[in-house]
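User: I would like a close look at one part of this model, followed by a connected account of how that part sits in the rest of the chain. Please keep to what can be computed from the atoms.

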Amino acid sequence: MSARSARIHKLQPPIFAKGVRIPLPRFSLQQLYQSRRKLTQWLFPEHCRACGMAGAALCAACAQDWPRLPENRCSYCALPLQANGDCPVCSVEAPQYDHVYTPFVYAEPLNAAILAWKFHQRLDWTRALATTWAEGWGGHAPSHPECLLPVPLHPKRLRERGYNQALLLARHWGKRWHIPVKPGVLRRCRNTRHQTGLSAAARRDNLDSAFTLHGKLPAHVAIVDDVMTTGTTAGQIAELLKSVGVQRIDVWVLARALRETAPAHA
């Protein structure tokens, strides 16, 4: 070994010595995902969609402002029960679906957020709405369906709006709780008019034969939509699902409109 090579050998750190293998740290995919998320949050901090406070897509104070349904509500349709313990709707006629899951009332300030998200391209509300709804169940899925079925838009309306808000929710919740989402199985075959201002009977006529099924479904599914007003849409879909053998049908919606607030939603 020359004098120059000897000097280089003495200066070389032991870890680079010939034949030495350096153990590399191992990271799971979950650790890598969490690290990427933390880096993204550091570079682009979240701000509350309602008040602008840094820290979360919806701060705790604004989330507390969202109106909530009472604990004493119908196990079928989620409407508040009457003083005698009866549901004002389901005591007259039981719905086709089995259970509606939502903690929120469709009223201010939540309805303003939903309308901005749905009709005014405020897609930045998606995570705030979906996450706050999910956390309302203590971090666990409210039920355990085998798939999520978002209420579809007619292709013409989908082109006009650019996105299906029910599909955005279904993808968020499906990813959170590892539930398959099947957006192509249920399709809207008629371009029905908006439901705003229609009576329950007119809504049923408007949605008559509006949906078709394309593919097989498991025994337990959850219909996903943004708001339940009269329950007509969920009822029409549930009737179709029952006709092909689906045994249990849940409905996951962001909010439940009470009868006095129903005309405000499309």
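Which residues form one aromatic cluster?

Analyst: This is a predicted model, and the cluster in question is formed by Tyr101, Trp133, Trp137, Trp173, Trp177 and Trp252. The structure as a whole holds 8 aromatic pairs. Outside the list of cluster members stands the pair of Trp66 and Phe104, whose ring centres are 5.2 Å apart and whose planes meet at 85°, so that this pair is edge-to-face. Trp66 and Phe104 tie together distant parts of the chain, being 38 residues apart, with Trp66 in the loop between α3 (60–64) and β1 (99–101) and Phe104 in strand β2 (residues 104–105). Both of these residues are buried. Within the cluster, the rings of Trp133 and Trp137 have centres 5.6 Å apart and planes at 70°, and since edge-to-face applies to planes over 60 degrees apart, this pair is edge-to-face too. The two tryptophans are placed differently with respect to solvent: Trp133, at 0% relative accessibility, counts as buried, whereas Trp137, at 21%, counts as partly exposed, because the limit for a buried residue is under 20%.

Two further members of the cluster, Trp173 and Trp177, belong to the buried set of helix α7, which also takes in Gln165, Ala166, Leu167, Leu169, Ala170 and Gly174. Helix α7 runs over residues 165–177, and its 13 residues should span 18 Å at 1.5 Å a residue; the end C-alpha atoms are 19 Å apart, which agrees with that expectation. The cover over the buried residues of α7 includes the helices α4, α5 and α6 (155–161), together with the strands β3 (147–150), β6 (220–228) and β7 (248–256). At the start of this helix, a side-chain oxygen of Asn164 comes to within 3.0 Å of the backbone nitrogen of Ala166, and just after the helix His178 adopts a positive phi of about 55°.

Helix α9 (residues 232–243) can be described in the same terms. Its 12 residues reach 17 Å from the first C-alpha to the last, close to the 16 Å expected at 1.5 Å a residue. The buried residues in α9 are Thr232, Thr233, Ala234, Gly235, Gln236, Ile237, Ala238 and Leu241. The helix is followed by Gly245, which has a positive phi near 100°.

To return to the surroundings of the Trp66 and Phe104 pair, the loop between α3 and β1 that holds Trp66 is also the place of Leu69. With 6% relative accessibility, Leu69 counts as buried. Leaving aside residues up to four places away in sequence, Leu69 touches Ala78, Pro80, Thr102, Pro103, Phe104, Val105, Arg256 and Leu258, and Phe104 in this list is the ring partner of Trp66. Leu69 and Leu79 lie 10 residues apart in sequence, with their C-alpha atoms 7.8 Å apart in space. Ala78, one of the residues that Leu69 touches, is found in the loop between α3 and β1 as well. Although Ala78 is not a glycine, it has a positive phi of about 75°, and at 1% relative accessibility it counts as buried.

Two other backbone features deserve a check in the model. The peptide bond from Glu108 to Pro109 is cis, with omega near 0°, and Pro109 has its place in the loop between β2 and α4 (110–119). Gln121, a residue other than glycine, has a positive phi near 60° and is located in the loop between α4 and α5 (125–135). At 48% relative accessibility, Gln121 counts as partly exposed.

As for the setting of these parts, the protein has 9 helices and 7 strands, and buried residues make up 42% of its 266 residues. Among the contacts with a separation of 6 or more, residues 24 or more positions apart account for 73%. The protein exposes about 15,400 Å², of which carbon and sulfur atoms supply 55%.

Technical notes
Residues are numbered from 1 along each chain as its sequence is written. This is a predicted model: local features need pLDDT of at least 70, side-chain atom pairs count only at pLDDT 80 or more; totals for chains, interfaces and linings use all residues. Side-chain values use heavy atoms; hydrogens and water are left out. Rings of Phe, Tyr and Trp (its six-membered ring) pair if their centres lie within 6.5 Å; planes under 30 degrees apart count as stacked, over 60 as edge-to-face and the rest as tilted. Helices (H or I, at least four residues) and strands (E, at least two) are DSSP runs, numbered from the N terminus. Buried means under 20% relative accessible area, exposed over 50%, partly exposed in between (1.4 Å probe, protein chains only). Contact means heavy atoms within 4.5 Å. Accessible areas come from the Shrake-Rupley method with a 1.4 Å probe; for residues, only the protein chains shown count as cover. The expected span of a helix is 1.5 Å times one less than its number of residues. A polar contact is a pair of N or O atoms within 3.5 Å; within protein, one must be able to donate a hydrogen and the other to accept it, and residues adjacent in sequence count only if both atoms are side-chain atoms.
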